[in-house]
Amino acid sequence: MASFFLQRLSQTIIVVLAAALISFALFRYVGDPVNNMVGRPPAWRIARRCGAARPADPVFLQFLRFLGDALSGDLGVSYRFGVPVGRLLMERFPATLELSLCAMLVGPCSGFPLGVWTGLHRRSVSSHMLMIISLIGVALPTFLIGIVLILIFSVWLGWLPSFGRAPPCRSATGAPVS
């Protein structure tokens with residue numbers, strides 16, 4: 001059991017380091033997306049950024065600094081919003097936690113009964129339909145399923161907002177719940 005745990009832990013560390021190396025290489029060598037779209041930034045901005053990045057250091061030291069910053073929670077500044085990424089993550093964490101908990105409740109609470117029902121009524125048309133729907137759900141990419149669910153529940157049915165998060169204690173129309 002201990003050897004299995006150590007093996008999995010070492011595999012996890014290798015995967016995380018590989019992902020960090022790919023991220024570092026993309027940030028370092030692909031460049032700033034804003035610079036790629038707009039063109040060369042002013043000289044003062046280049047000097048400030050190069051001073052912070054210390055490009056004269058060996059790439060290995062820059063990668064270690066990148067890892068240290070990531071482990072300490074310094075994930076840099078968002079290109080889109082211009083604020084620290086850690087702050088953006090913490091602002092969005094409650095909605096992510098809410099979605100995750102709802103998914104963990106809805107999945108088993110609907111999947112187990114439907115699976116049992118399908119197993120008991122193997123030859124029924126509804127059992128075959130449930131099997132087809134579940135196979136489609138497994139086969140399609142998650143982002144495509146998400147877009148289709150937004151289309152169904154937001155656009156066609158109008159039950160949920162199409163984007164964003166409704167404030168607490170408000171209905172989908174925005175009126176306070178009494």
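This briefing describes the overall make-up of one protein chain and then turns to its helices, surface, salt bridges and selected residues. The model is a predicted one. The chain contains seven helices and zero strands, and its pattern along the sequence reads α-α-α-α-α-α-α. Of the 178 residues in the chain, 7% are buried.

**Overall character**

- The accessible surface of the chain amounts to about 14,600 Å². Carbon and sulfur atoms account for 74% of that surface.
- When contacts between residues at least 6 apart in sequence are considered, 31% of them join residues at least 24 apart.
- The secondary structure comprises helices, seven in number, with zero strands.

**Helix α5**

- Helix α5 covers residues 85-120 and has 36 residues. At 1.5 Å a residue, α5 should span 52 Å, and the C-alpha atoms at its ends are 50 Å apart, so the two values agree.
- Helix α5 bends by about 45° at Phe93. A proline, Pro94, follows within four residues of that bend.
- Helix α5 also holds Glu91 and Arg87, which are four residues apart and therefore separated by about one helical turn.

**Helix α7 and the residue after it**

- Helix α7 has 15 residues and reaches 20 Å from its first C-alpha to its last. This is close to the 21 Å expected at 1.5 Å a residue.
- Gly158, found just after α7, takes a positive phi of about 70°.

**A nonpolar patch on the surface**

- Nine residues are named in a nonpolar patch on the surface: Val125, Met129, Ile132, Ile136, Leu140, Phe143, Leu144, Ile147 and Val148. Together they have about 850 Å² of accessible area.
- Two elements give two or more residues to the nonpolar patch, namely α6 (125-139) and α7 (142-156).
- Ile132, one of the residues in the patch, lies in helix α6. Its relative accessible area is 44%, so Ile132 is partly exposed.

**Salt bridges**

- Side chains of opposite charge can pair when their charged atoms come close. The structure holds three salt bridges.
- One salt bridge brings together the side chains of Arg65 and Asp57, at 2.6 Å from N to O. Arg65 is partly exposed, at 23% relative accessibility, and Asp57 is likewise partly exposed, with a relative accessible area of 23%.
- Another salt bridge joins the side chains of Glu91 and Arg87, at 3.8 Å from N to O. Glu91 has a relative accessible area of 48% and is partly exposed. Arg87 is partly exposed as well, with a relative accessible area of 46%.
- The side chains of Arg92 and Glu91 also meet in a salt bridge, at 3.5 Å from N to O. Arg92 is partly exposed, with a relative accessible area of 40%.
- Arg87, Glu91 and Arg92 are joined into one network by salt bridges that share partners.

**Gly76 and its surroundings**

- Gly76 is located in the loop between α4 (59-71) and α5. With a relative accessible area of 27%, Gly76 is partly exposed.
- Leaving aside residues up to four places away in sequence, Gly76 touches Val83, Pro84 and Val85.
- Gly76 and Gly86 are 10 residues apart along the chain, and their C-alpha atoms are separated by 7.9 Å.

**Ser134 in helix α6**

- Ser134 belongs to helix α6. Ser134 counts as partly exposed, at 35% relative accessibility.
- The C-alpha atoms of Ser134 and Gly115 are separated by 9.9 Å. Along the chain, these two residues are 19 residues apart.

Notes
Residues numbered from 1 in each chain as written. Predicted model: local features only at pLDDT ≥ 70, side-chain atom pairs only at ≥ 80, totals over all residues. Heavy atoms only, no water. Buried < 20%, exposed > 50% of the residue type's maximum accessible area, 1.4 Å probe, protein only. Contact = heavy atoms within 4.5 Å. Areas by Shrake-Rupley, 256 points an atom, 1.4 Å probe, with all protein chains shown as cover. Patch = residues over 30% accessible without salt bridge, like charges linked within 9 Å, V, L, I, M, F, W, Y side chains within 5 Å. Salt bridge = Lys/Arg side-chain N within 4 Å of Asp/Glu carboxyl O. Expected span 1.5 Å × (residues − 1). Bend = angle between axes of the 7 residues up to and from the residue.
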